[in-house]
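Q: Please take a close look at one part of this structure and set out how it is placed among its surroundings. A connected account, with each term explained, would be appreciated.

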Amino acid sequence: MSAKDADPSLGYLTRKDTEVKLPRPTRVKNKTPAPIQITAEQILREARERQEAEIRPPKQKITDAAELADYRLRKRKEFEDLIRRVRWNISVWIKYAQWEESQKDFNRARSVWERALEVDYRNHTLWLKYAEVEMKNKFINHARNVWDRAVALLPRVDQLWYKYIHMEEMLGNVAGARQVFERWMNWMPDQQGWLSYIKFELRYNEVERARQIFERFVQCHPKVTGWIRYAKFEMKNGEVARSRNVYERAVEKLADDEEAEQLFVAFAEFEERCKETERARCIYKFALDHIPKGRAEDLYRKFVAFEKQYGDREGIEDAIVGKRRFQYEEEVRKNPLNYDSWFDYIRLEESVGNKERIREVYERAIANVPPAEEKRYWQRYIYLWINYALYEELDAGDMERTREVYRECLKLIPHEKFSFAKIWLLAAQFEIRQLNLKAARQVLGNAIGKAPKDKIFKKYIEIELQLGNIDRCRKIYEKYLEWSPENCYAWSKYAELERSLSETERARAIFELAIAQPALDMPELLWKTYIDFEISEGEFERTRELYERLLDRTKHLKVWISYAKFEASAMEEDAGDSDLAEGSSQENLYEQKKQCIQHARRVFEKAINYFRTSAPELKEERAMLLEEWLTMERSFGELGDVGLVQAKLPKKLKKRRPIVAEDGPAGYEEYIDYLFPEENQTTNLKILEAAYKWKKQKLSSDDD
């Protein structure tokens, strides 16, 4: 072994020499379960059975004084040695002192207790056991001495005081016990200490002393429970006036305390027991006004129960309203942006009818402005303002306040991002009800300037129309169309206004302007209105011209049908006019009818020709057009020619086509196809041509 490998901490051995070699674990070859299995319970039972008996020292019998002295000396030496080793272990000291006590050597026992107290005088268990030893062996003065020292050194350990007082009381030394209590009370202990003192005095029927102690107690611990105990003590002794006085003093001092609810409930129940129901009701109402709603749940419940027992119908309703008010307060406190809770709360207050309270709730509700400037968050909130304004106008009858509500609401809404037409219109209608047209016009003018909307324009026009201000209506329509030139409804209504005023040329000019717009939201509605206008004016040539212009823009099926129907109906109009104006003969009428039918047929022919040549893929529309033509021919009666249309009607064929999905073909679906007569002829010609080619090929092959 070299000096280099040696380690001084291991006695100059190498690491290898100090390593413990563990046996190699036995490898189990056969892992199949044994035929007889042993449970853990059997193993434990066998271990218990094989356990050897505990070896106990033999009992020693002491026969003379010398042996006793020897035994005591040996035992004391053992204890002293143990104390020397573990001086801090209190249980060793206690055993030593108790052993000395068992030998009736009380002076030595006291010496041991005193030595133990020198080690740890803060350990109240030592003091308790020391004093109990003195009391057990009837050394009363010694015990008093121990208790006095204990409570002087550890005045905050209540158990020492209780034991000391209990000893004095057991000895019948009431004055001494009272003196100990007084010493204790100087340290201002917790409530239980004071209550123990009061119970002590009451055991000896010292009611006046107990009352004085209660007074000191509520000064030391000014808590609700203390005052309630004091009042109940007075009530128990039949002192109703004193008890009421205690409650009143408590309310003065603790009205804003967190536990004030308990005090008010106890005070009201006291008055209830004294048959003073009015006093109790006043206490409940005072409490409900002063205690925050979140802490008054029990109070509300008690008040409702009280009113049900003693109150009249009005009082019961008040109590129930109060309870519901408390619930709503709780809801709006948890989530002030829950506007449904505010609506319910306002409805409750409106059912009660207290104006000031209703206004207060409305003001609190509208103060909760939505955090984000998005219309969806404001949609419920804005109804709070609407309801507030309607309440002020209809229920409170305060018109100036209503005007102020509308003004503040309109000021609050961020009009550059979104607005509410309803508010503007309600404000304007309110001013009209007040016969203040100037203010109403100002509101609607501001609305059009800040946040123009369809509803506002329509209502403004309606108001001015009712007032007969046509020039104003025209100006508003112009503003409307400047703001929304693609709005077909506005163009139609403007033209309708001019037509109602017999301004046909103006109406026609408006229609012309409208159809000239590059973009329209509902052009078909506008064209239909324009055509109907010309028909109603009897301008059939203009109407035809309009239809032709419309067909230049769109070749929709409905336009063709409408055009054909117009030509057929124009027959009746023309016939009626000519009959009245000239009184023409039946033959002329017949000729005119035929002529109109020819016009209608010409439209249908033109339409069929378009669908056949320009849009051959729109077979269904073409079939529908032919059906409509056939129906019209039948309606003409003897003038109609059904055969003309029937020759052009297609055949309906059921066909199948593959359904193509993202991942490939997904089956087949049936559909209706239309085969028109000209297509059928073409198909037949193709078949004949193919047969002729085949015949020709066959003949040439035979020649070869």
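**A buried residue and a helix with two sides**

A: Arg211 counts as buried, because its relative accessibility is 8% (buried means under 20% relative accessible area, exposed over 50%, partly exposed in between, with a 1.4 Å probe and protein chains only). The model is predicted: local features need pLDDT of at least 70 and side-chain atom pairs count only at pLDDT 80 or more, while totals for chains, interfaces and linings use all residues. Residues are numbered from 1 along each chain as its sequence is written, and side-chain values use heavy atoms, leaving out hydrogens and water.

Arg211 lies in helix 11 (residues 207–220); helices are DSSP runs of H or I with at least four residues, numbered from the N terminus. Leaving aside residues up to four places away in sequence, Arg211 touches Tyr230, Phe233, Glu234, Glu239 and Arg242, contact being heavy atoms within 4.5 Å.

Burial can also be followed along helix 24 (residues 454–467). Its buried residues are Ile456, Phe457, Tyr460, Ile461, Ile463 and Glu464. Seen down the axis of helix 24, they fall within an arc of 160°, so they line one face of the helix; the arc is that of the directions from the helix axis to the C-beta atoms. On the other side of helix 24, Lys455 and Gln466 are exposed. Helix 22 (421–433), helix 23 (437–450) and helix 25 (470–483) are among what covers the buried residues. Just after helix 24, Gly468 adopts a positive phi of about 80°.

Note on methods:
Helix = DSSP H or I, 4+ residues; strand = E, 2+ residues; numbered from the N terminus. Expected span 1.5 Å × (residues − 1).
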